[in-house]
Amino acid sequence: MNMSFLKFVVTGIAALLVSGCASYGVIENTAISGQQEGREYSIRSHHASDTNSDLTLNLAFSGGGTRAAALAYGVMQELRDTKVTINGTSTSMLEQVDSISSVSGGSFTAAYYGLHGDGMFETFEDVFLRYDIEKQLVWQVLNPLHWFGPKGRTERAIEYYDKKIFHGATFSDMIQPGGPLIVINASDLAYGVRFSFLQEYFDLLCSELETFPVSRAVTASSAVPIVFNPVVVENYPDCKDQENALMDRIRQRANDRHDAELNLLAEGLESYGDKDQRKYIHFVDGGITDNMGLRAMYDLVSISGGPEAFITQLNTKIPDKLAVISIDASTSPVYAMDETNKQPSIAHSIGAMSGVQLHRYNTSTLELIETALADWRDIFAEDGKTMTPYLVEISFEGIKQPEARQFFNKVPTSFSLSDEEVDKLIEAGRQLLRDHPVFQQLVADLNSG
């Protein structure tokens with residue numbers, strides 16, 4: 001927890017104390033009407049960019065403010081510029097991406113790409129990476145005109161993101177034929193459930209995702225508690241068919257595989273069926289339950305009914321190669337507390353505790369995905385299909401030069417970075433991917449046919 005972030009926390013608390021009045025989440029999700037069939041934003045209606053059986057490529061963007069957004073952006077630039085030959089046709093690796101799962105700061109990059117495709121490379125740096133977003137958000141909090149009224153800090157942030165970054169886009173605008181499935185993830189504050197902004201999850205709320213603002217989903221994914229209020233949605237009644245279809249698949253798969261992770265997911269998602277006690281759902285930062293976006297990706301395979309069902313629903317074939325590229329922008333700051341017997345400050349204590357927990361959880365997440373990829377390979381093998389898994393882990397730990405690694409570990413988790421920091425983060429993303437031995441092997445295997 002850096003000082004920039006702490007100042008933002010203090011600012012939010014001060015404004016809350018000054019306001020002295022309650023704020024209410026604005027409800028913008030609508031009940032299922034059944035009239036938008038075929039236009040839903042879901043796994044089941046998604047059409048992958050390519051139906052070839054050579055490669056299925058999935059990306060996962062971590063949290064970490066603009067630091068995470070810039071690192072992911074650099075990786076995407078390198079994917080764009082990496083050419084491979086598949087079935088005799090030259091293509092870029094970026095064109096082969098089937099899905100992107102994101103949390104917190106990474107969700108800005110993922111959502112923007114979902115809306116603009118390659119046009120992102122012309123405008124994203126100016127509207128987000130190199131813009132002092134944090135200054136604008138602090139002004140929204142400190143502006144006395146905003147202290148008295150029903151709208152909280154989060155609603156002000158949503159209005160800003162919607163106007164300056166996403167320009168009123170809804171999930172219907174994310175339906176881009178041939179583009180990847182963009183999965184923005186948040187955390188259910190009350191029950192600790194990982195929640196993905198897909199129609200399959202909105203079915204549990206008896207709600208339609210198509211008209212839901214992208215800015216609101218991205219804000220939910222990055223709404224750090226205390227700094228921001230939760231993003232609130234209504235949990236509508238009376239759509240048992242939609243609810244039961246998803247839960248039946250999850251329960252069946254959990255029972256078949258004795259999967260503890262999946263049982264926890266099922267227990268959490270079942271809570272949405274209690275329409276009286278859970279009339280409103282409060283979403284906060286997705287990094288609380290999955291700071292890498294990888295566990296959400298694991299969940300998507302599970303709610304689809306397993307890897308074969310997931311591949312089928314993506315409208316592609318069981319691939320020869322299944323690749324997951326994880327972009328982890330978490331840092332390993334050095335704490336000076338061990339150099340003295342002076343008691344550490346509250347800020348340093350909180351930062352150290354959260355850092356240790358985050359590191360351990362990220363390690364556990366990577367182990368889960370490694371095991372899952374091996375399991376999926378074996379499942380495909382049972383059907384006589386040979387599938388080679390590739391897990392590419394992009395993080396600052398891959399930087400060999402100690403001075404460079406120290407530079408990135410000092411980049412704060414904020415929405416305000418210098419041009420130098422942004423430049424170096426983008427180049428780091430490119431270089432880390434380009435030099436990664438597993439990625440090099442994947443490119444070589446694709447080109448060898």
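Start at Arg-80, whose charged end sits over the ring of Phe-121, 4.5 Å from the centre of that ring. This is a predicted model, so take the geometry here as computed from its atoms. Phe-121 also belongs to a cluster held together by ring pairs, along with Tyr-73, Phe-108, Tyr-112, Phe-124, Phe-128, Tyr-160, Tyr-161, Phe-166 and Phe-415.

How many aromatic pairs are there altogether? The count comes to 23. One of them joins two members of that cluster, Tyr-73 and Phe-124: their centres are 5.8 Å apart and their planes meet at 40°, which makes the pair tilted. Follow the chain and you'll see that this pair brings distant parts of it together, with Tyr-73 in helix 2 (residues 65–81) and Phe-124 in helix 4 (residues 120–129), 51 residues apart. Both Tyr-73 and Phe-124 are buried.

Now hop over to Phe-407 and Phe-408. These two rings form an edge-to-face pair, 5.3 Å centre to centre and with 85° between the planes. Are they buried or partly exposed? One of each, as it turns out: Phe-407 has a relative accessible area of 22% and is partly exposed because that value is not under the 20% cut-off for buried. Phe-408, at 6%, falls under 20% and therefore counts as buried.

Phe-407 has a charged companion too. The charged end of Lys-424 sits over the Phe-407 ring, 4.3 Å from its centre. If you look back at where we began, the ring of Phe-121 has Arg-80 in that role, while here the charge over the ring of Phe-407 comes from Lys-424.

Technical notes. Residues numbered from 1 in each chain as written. Predicted model: local features only at pLDDT ≥ 70, side-chain atom pairs only at ≥ 80, totals over all residues. Heavy atoms only, no water. Phe/Tyr/Trp six-rings, centres within 6.5 Å; stacked < 30°, edge-to-face > 60°. Helix = DSSP H or I, 4+ residues; strand = E, 2+ residues; numbered from the N terminus. Buried < 20%, exposed > 50% of the residue type's maximum accessible area, 1.4 Å probe, protein only. Lys NZ or Arg CZ within 6 Å of the ring centre and 35° of its normal.
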